[in-house]
Amino acid sequence: MQGDVAVVTGGSSGIGLACVEALLAEGVQVATCGRNAEQLDRVLAPLAELHPDRLAWWPADVRDREQVERLIDNTVERFGGLQYLVNNAGASRVSTFATTEDHEWLDEVGLKFFGVIHPVRAALPHLSARGGAVVNLNAVLARQPEPHLITTGAARAGLLNLSKSLARELADQHVRVNSVCVGLIDTGQWKRRYDASDSALDFPAWSEEIAADRGIGLGRFGTASEVAAAIVFLLSPRSSYTTGTALDISGGVSRYV
Ligand SMILES: NC(=O)c1ccc[n+]([C@@H]2O[C@H](COP(=O)([O-])OP(=O)(O)OC[C@H]3O[C@@H](n4cnc5c(N)ncnc54)[C@H](OP(=O)(O)O)[C@@H]3O)[C@@H](O)[C@H]2O)c1
């Protein structure tokens, strides 16, 4: 993968940031985005010093087609091509059917679908020219719904289906498409839920209690770098005969076969 080029959406925190770091460690040239420009600068500037000329970032909201097109154009102009795309940017919405308004359903489906559609559409000619690979961030929730995550679960199920169709359609264009279905991963997303919980426990004790409650086989949250390692594998030539699949990175929390 040395010298190849990757775009990772949402690289200023959590799993996206771990992907940026893991790809840089493989010698890949990496571009990333997030909505908050100040956070991108603060988090990524130290990494750029460690990997001169191999890391670039621009603020972009994946829901905005023009901003995503600019991100891809800037990347190709800076690094001369593009082989890998990681559609990671996003968040989950905690709500039940009773507490979800129509506009919130539309927001959630919009984020989950267009967070993949816009980057794939803009990157496709470049990925196709070089025999590239796409990994879509998904969740165990796509196949194992939770009542308090009703919109995210439904949107994730749709995204899993979309990823399968994309794998079939893009195979002719020499582009592989796979998904990772994560369980509970210790990132900013869970830190925000912990802050909102007003729990008397500290974060490690709080997360251990949740791990036990949810029945995570390995008894703990996963780390962002454990997810990134699987994503790098699915992008790399080591998975050259793998497309249209979904790999669970969940510590055994899934109950389906
Ligand atoms: N952590 C988990 O347990 C878990 C479980 C299931 C699924 N996931 C999924 O894994 C992915 C990464 O989550 P994480 O836990 O690593 O979250 P995180 O630590 O909150 O990081 C999310 C990243 O995405 C960016 N982002 C969010 N919305 C964006 C948008 N509309 N356009 C561009 N960038 C955006 C954020 O930057 P800005 O805020 O500056 O935009 C940030 O860089 C998400 O799709 C999430 O739903 C995570």
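Helices and strands here are DSSP runs, helices of at least four residues and strands of at least two, numbered from the N terminus.

**Figure 1. The whole protein, as a predicted model.** Count through the chain and you get eight helices and nine strands. The radius of gyration comes out at 18 Å, close to the 18 Å that the globule rule gives for 257 residues, so the protein is as compact as a globular protein of that length. Along the principal axes, the C-alpha atoms fill a box of roughly 50 × 40 × 35 Å. Of the 257 residues, 42% count as buried. Take the contacts with a separation of 6 or more, and 75% of them come from residues 24 or more positions apart.

**Figure 2. The shell around the ligand.** Here we zoom in on the 31 residues around the ligand, where G10, G14, G34, G90 and G188 come nearest. Several elements chip in: α1 (14–25), β2 (29–34), β5 and α6 (188–197) each supply at least two residues of the shell. Sorted by character, the shell residues split into twelve nonpolar, 16 polar and three charged.

**Figure 3. Helix α5 and what covers it.** Helix α5 takes in residues 150–171, and its 22 residues should span 32 Å at 1.5 Å a residue; the end C-alpha atoms are 32 Å apart, so the two values agree. Which residues of α5 are buried? They are I150, T151, T152, G153, A155, R156, L159, S163, L166, A167 and L170. As a reminder, an α-helix has 3.6 residues a turn, so residues three or four places apart point the same way. The cover over the buried residues of α5 includes α4 (102–130), β5 (133–139) and β6 (176–182).

**Figure 4. The bend in helix α2.** This helix runs over residues 37–50, and its 14 residues should span 20 Å at 1.5 Å a residue, which agrees with the 20 Å between its end C-alpha atoms. Where does α2 bend? The bend is at L44, by about 40°, and a proline, P46, follows within four residues.

**Figure 5. A98 in its loop.** Look for A98 in the loop between β4 (84–87) and α4. Is A98 buried or exposed? It counts as exposed, because it has just 7 C-beta neighbours inside 10 Å, and the cut-off for exposed is 12 or fewer. I150 sits 52 residues away from A98 along the chain, yet their C-alpha atoms are separated by 9.9 Å. I150 itself is one of the buried residues of α5.

Note on methods: Residues numbered from 1 in each chain as written. Predicted model: local features only at pLDDT ≥ 70, side-chain atom pairs only at ≥ 80, totals over all residues. Expected span 1.5 Å × (residues − 1). Buried ≥ 20, exposed ≤ 12 C-beta atoms within 10 Å, placed from the backbone. Contact = placed C-beta atoms within 7 Å. Bend = angle between axes of the 7 residues up to and from the residue. Near = placed C-beta within 6 Å. Nonpolar A, V, L, I, M, F, W, Y, C, P; charged D, E, K, R; others polar. Rg over C-alpha atoms; globule rule 2.2 N^0.38 Å.
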